[in-house]
Amino acid sequence: MPLNQYKKIVVLTGAGVSAESGIRTFRDKDGLWEKYKLEDVATLDGYKRDPALVLDFYNKRRQDFCTGDVKPNAAHYALAELEKNFDGEFLLVTQNIDNLHEQAGSKNVIHMHGELLKARCPQTNQVINWVDDMTENDLCHCCQYPENLRPHIVWFGEMPLGLDIIYHNLSQADLFIAIGTSGTVYPAAGFVEEAKSVGAYSVEVNLETSEIHSHFDKIEQGKATQVVPHIVD
Ligand code: BJW
């Protein structure tokens, strides 16, 4: 696909882009929501009800991520190369909380649903790196209140991060590419319509048919590691 005909590209990635790196998706067979109830582990109410359960959910995922053989795959690398070589403006918006895009070399990345390797003070919103032995009883590093730190994750009902920048970029985009996302979670699922409303061309890369496939101009069905290097070449 000749990408240099475009001036501003916005790419949205979801769990499918990291699936081939060994990170489980949410809604596929064997996905995380088969084992956990999202109301329990991905809402503020769930966290208030049972912080230990929620911390355990993220601790396990952090452990799997840090101790497993999890590395960026060909799709992550292809997107980093695209950003490096593209003459126009490029924004990568990811719903993923892993840092595989950064490990692959991507620079302009927004983690709209937070980051697994970070914690946040709910009072000041200060974000710090997660420390291995951190528990819910740790003192907050910025205000020293106990039991104050929480995972730096956007749960259901909470406002995703970086939305001003994302919508600003979508309002100027002439190419929008969504990769490995089921299109079930808003506001990310609405980004394609936002981009289309200003005339952007839109491409979806997915192994299956997403909930929002009918909004895209072009569907590239297949594994992210095979399709993405091909379309950004
Ligand atoms: C491959 C592949 C391979 C596999 N190659 N592809 C009613 C109507 C509309 C909206 C709402 C509603 N009720 C509530 C809402 C809002 C709510 C929402 O959308 N709910 C829906 C369930 C209906 N959204 C929110 O609450 C959000 N906040 C919000 O809306 O704030 C208010 C607001 C208002 C107006 C404007 C702006 C804001 C917050 C959402 C927070 C989501 N949090 C989670 C968990 C935290 C992170 C974590 O623990 O990791 O984020 S949920 C989970 O889903 C996670 C993901 O980022 C997110 C999206 O999932 P994703 O990435 O799409 O993964 P899957 O598993 O669903 O799909 C994987 C895809 O990959 C599949 O399609 C496969 O086919 C594909 N695939 N292998 C290519 N190799």
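Student: Which residues does the UniProt annotation "binding site" cover?

Tutor: Keep in mind that this is a predicted model, while the annotation comes from an unreviewed UniProt entry. The residues that this entry marks as "binding site" are Cys121 and Cys140.

Student: How far apart are their C-alpha atoms at most, given that they span 20 residues in sequence?

Tutor: In sequence they span 20 residues, yet they gather at one spot, because no two of their C-alpha atoms are more than 6.4 Å apart. The limit you are after is therefore 6.4 Å.

Student: Is Cys121 buried or partly exposed?

Tutor: Start with its place: Cys121 lies in the loop between E4 and strand E5 (127-129). A residue needs 20 or more other C-beta atoms within 10 Å to be buried. Cys121 has 19 C-beta neighbours inside 10 Å, so Cys121 counts as partly exposed.

Student: And is Cys140 buried or exposed?

Tutor: Cys140 lies in the loop between E5 and strand E6 (150-153). With 20 other C-beta atoms within 10 Å, Cys140 counts as buried.

Student: Which residues does Cys121 touch, not counting residues up to four places away in sequence?

Tutor: Once those sequence neighbours are set aside, we can list the contacts of Cys121. Among them is Cys140, the other residue under the "binding site" annotation. The full list is Gln126, Cys140, Cys142, Cys143, Asn148 and Leu149.

Student: Which residue does the "active site" annotation cover?

Tutor: This label also comes from the unreviewed UniProt entry. The residue it covers is found in the loop between strand E3 (109-111) and strand E4 (114-120). That residue is His113.

Student: Is His113 buried or exposed, and which residues is it in contact with?

Tutor: There are 22 C-beta neighbours inside 10 Å of His113, so it counts as buried. Leaving aside neighbours within four places in sequence, the contacts of His113 are Gln95, Ile97, Ile153, Val154 and Pro160.

Student: Which of the 36 residues around the ligand come nearest?

Tutor: Gln95 is one of them, and Gln95 is also in contact with His113. The whole group that comes nearest is Gly14, Gly16, Phe26, Gln95 and Ser182.

Student: Which helix gives the most to the shell around the ligand?

Tutor: By class, the shell has 17 nonpolar, 13 polar and six charged residues. Three residues of the shell come from the helix that gives the most, which is H1 (residues 15-19).

Student: Where does the ligand lie with respect to the domains?

Tutor: The domain assignment gives domain 1 (1-23 + 73-113 + 160-233) and domain 2 (24-69 + 117-153). Both give residues to the shell around the ligand, so the ligand lies between domain 1 and domain 2.

Student: How many residues of domain 1 are in contact with domain 2?

Tutor: The C-alpha centres of the two domains lie 25 Å apart. By class, the side of domain 1 that touches domain 2 has four nonpolar, six polar and one charged residues. On the domain 2 side, nine residues take part, and on the domain 1 side the count is 11.

Student: What is the radius of gyration of the protein?

Tutor: The protein has 10 helices and nine strands. The globule rule gives 17 Å for 233 residues, and the protein comes close to that, so it is as compact as a globular protein of that length. Its radius of gyration is 18 Å.

Key
Residues are numbered from 1 along each chain as its sequence is written. This is a predicted model: local features need pLDDT of at least 70, side-chain atom pairs count only at pLDDT 80 or more; totals for chains, interfaces and linings use all residues. Helices (H or I, at least four residues) and strands (E, at least two) are DSSP runs, numbered from the N terminus. The radius of gyration is taken over C-alpha atoms; the globule rule is 2.2 Å times the number of residues to the power 0.38. UniProt positions are given in the numbering used here, feature names are shortened, and annotations may be inferred rather than shown by experiment. A residue is buried if 20 or more other C-beta atoms lie within 10 Å of its own, exposed if 12 or fewer, and partly exposed in between; C-beta atoms are placed from the backbone. Two residues are in contact if their C-beta atoms, placed from the backbone, lie within 7 Å. A residue is near a molecule or strand if its C-beta atom, placed from the backbone, lies within 6 Å of it. Ala, Val, Leu, Ile, Met, Phe, Trp, Tyr, Cys and Pro count as nonpolar, Asp, Glu, Lys and Arg as charged, and the others, Gly among them, as polar. Domain bounds come from an automatic or database domain assignment.
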